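Visitor: Could you take me in for a close look at the place where the ligand sits? I'd like to hear about its surroundings too.

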Amino acid sequence: EQKRVINFCAGPAKLPQTVLLQAQKEMLSHNDLGFSVLEMSHRSSDFVKILNKTESLLRELLNIPANYKVMFLQGGGSGQFSAVPLNLIGLKEDKCADYLVTGTWSAKAAKEAEKYGKVNIVHPKLDSYTKIPDPGSWTLNPSASYVYYCANETVHGVEYNFTPETNGAVLVSDMSSNFLSRPVDVSKFGLIFAGAQKNVGCAGVTVVIVREDLIGHTLKECPIVLDYKVQAENNSLYNTPPCFSIYIMGLVLEWIKNNGGSAAMETLNKQKSSIIYDIINASKGFFDCPVDVSCRSRMNIPFRVGKKGGDEALEKEFLDGASKRGMISLKGHRSVGGIRASLYNAVTLEDTEALGAYMKEFLKEHQ
Ligand code: PMP
């Protein structure tokens, strides 16, 4: 067996071994056809089978109501920062949208939306991305076309453990980094999008789940490949979709289903993240996670080592030691520094326990 490292990357991230082996097995010949998914026409019945299988697995795992369309698009999560306002900001006359800005990714989305309409940040500006402002302090604009938030901020490790209440307004969520890591009631949302490369596959495909009645208000300047009406009418086949990424997503969704679905993922993700947070909490500040306990992410755990704000020399030593133990991609995002452990679905309990054991050892040696 080939040696594999323990990968805590924030994305593209670790994939389940069975998925990689299946893709490897089918690399030369998919379903005994004598050619690979990489070489297959997106219009062929064989590819359409893959596309439909992936969609139906997603519908099953998320219990997506029949009045929602599912699309598999290119352009990444960032593409959706533009596609969301281009398709939805025209829902109401004022062309205005409400944004919750709780980290890098929602900040970028809000900035992009400003190109197409008026953006209202519904809460007082945060001086650091370490908490979710109390919903009591939000001022939603009744004439906004939608309310937008990022369910899990990958860089800052801030995750909503509740669904924002919008008094009936259309709710839009970027679930790129916690998609299918926990159950979600899709019927509460107007639109959910997620890049695949963290919890449900490899880079190249972004899932968009949108309520049908919201489609068809696209601004004229919207690039056709981002137009939900066009893509939904064409079953994501207006142009060549990211075929192989869709195929890989299908394999990952099968793996999630075989492992108990989103509820089982949640149980495991709670358990995994608690291992690391318990060590951080017991370390008397040696490991310092700046995020408020009420919104600490189960997916991405940022922390500093040595002291509040971090001791960079110790952090380097921590990363070097991790790498010697076969643990990679623990370096925090360049904008925040320190360490970040990403514990997506495919990261196992054993992987997490190995990190926990190393953290305890490091603490003992240095405290
Ligand atoms: N949203 C979130 C929450 C993300 O973590 C990322 C990427 N890390 C993006 C959006 C942007 O995705 P992409 O790089 O696919 O454009």
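Guide: Let's start at the ligand and then work outward along the chain.

One thing to keep in mind is that this is a predicted model. With that said, zoom in on the ligand. There are 13 residues around it, and S78, T154, D174, Q197 and K198 come nearest. Sort that shell by character and you get three nonpolar residues, eight polar ones and two charged ones.

Now for some individual atoms. Look for D174: an N or O atom in its side chain is 2.6 Å from a nitrogen atom of the ligand. Next, find W105, where an N or O atom of the side chain is 3.4 Å from an oxygen atom of the ligand. G77 does things another way, with a backbone N or O atom that lies 3.1 Å from a ligand oxygen. How much of the ligand ends up covered? On its own the ligand exposes 390 Å², and the protein buries 83% of that.

Which element gives the most to this shell? That's helix α3, residues 76-88, which supplies the largest share with four residues. Helix α3 also turns up in the packing of another helix, α4: the buried residues of α4 pack against α3, along with the strands β3 (96-99), β4 (118-121), β5 (147-150) and β6 (152-153). If you want to pick out those buried residues in α4 (residues 104-113), click on T104, S106, A109, A110, E112 and A113.

Let's step back to the whole chain for a moment. The UniProt record, an unreviewed entry, places the feature "domain: Aminotransferase class V" at residues 7-355. Over that stretch, the chain is 33% helix and 15% strand, and its end C-alpha atoms are 10 Å apart.

Finally, have a look at a few loops with unusual backbone geometry. Most residues other than glycine have a negative phi, and most peptide bonds are trans. The bond from G11 to P12, though, is cis, with omega near -10°, and P12 is found in the loop between β1 (6-7) and α1 (17-25). Then there's D32, in the loop between α1 and α2 (45-62), with a positive phi near 60°. D32 counts as exposed because its relative accessibility is 75%, and the cut-off for that word is over 50%. K284 has a positive phi as well, near 55°, and lies in the loop between α7 (261-282) and β11 (287-288). At 77% relative accessibility, K284 counts as exposed too.

Technical notes:
Residues are numbered from 1 along each chain as its sequence is written. This is a predicted model: local features need pLDDT of at least 70, side-chain atom pairs count only at pLDDT 80 or more; totals for chains, interfaces and linings use all residues. Side-chain values use heavy atoms; hydrogens and water are left out. A residue is near a molecule or strand if one of its heavy atoms lies within 4 Å of it. A polar contact is a pair of N or O atoms within 3.5 Å; within protein, one must be able to donate a hydrogen and the other to accept it, and residues adjacent in sequence count only if both atoms are side-chain atoms. Accessible areas come from the Shrake-Rupley method with a 1.4 Å probe; for residues, only the protein chains shown count as cover. Helices (H or I, at least four residues) and strands (E, at least two) are DSSP runs, numbered from the N terminus. Ala, Val, Leu, Ile, Met, Phe, Trp, Tyr, Cys and Pro count as nonpolar, Asp, Glu, Lys and Arg as charged, and the others, Gly among them, as polar. UniProt positions are given in the numbering used here, feature names are shortened, and annotations may be inferred rather than shown by experiment. Buried means under 20% relative accessible area, exposed over 50%, partly exposed in between (1.4 Å probe, protein chains only). Contact means heavy atoms within 4.5 Å.
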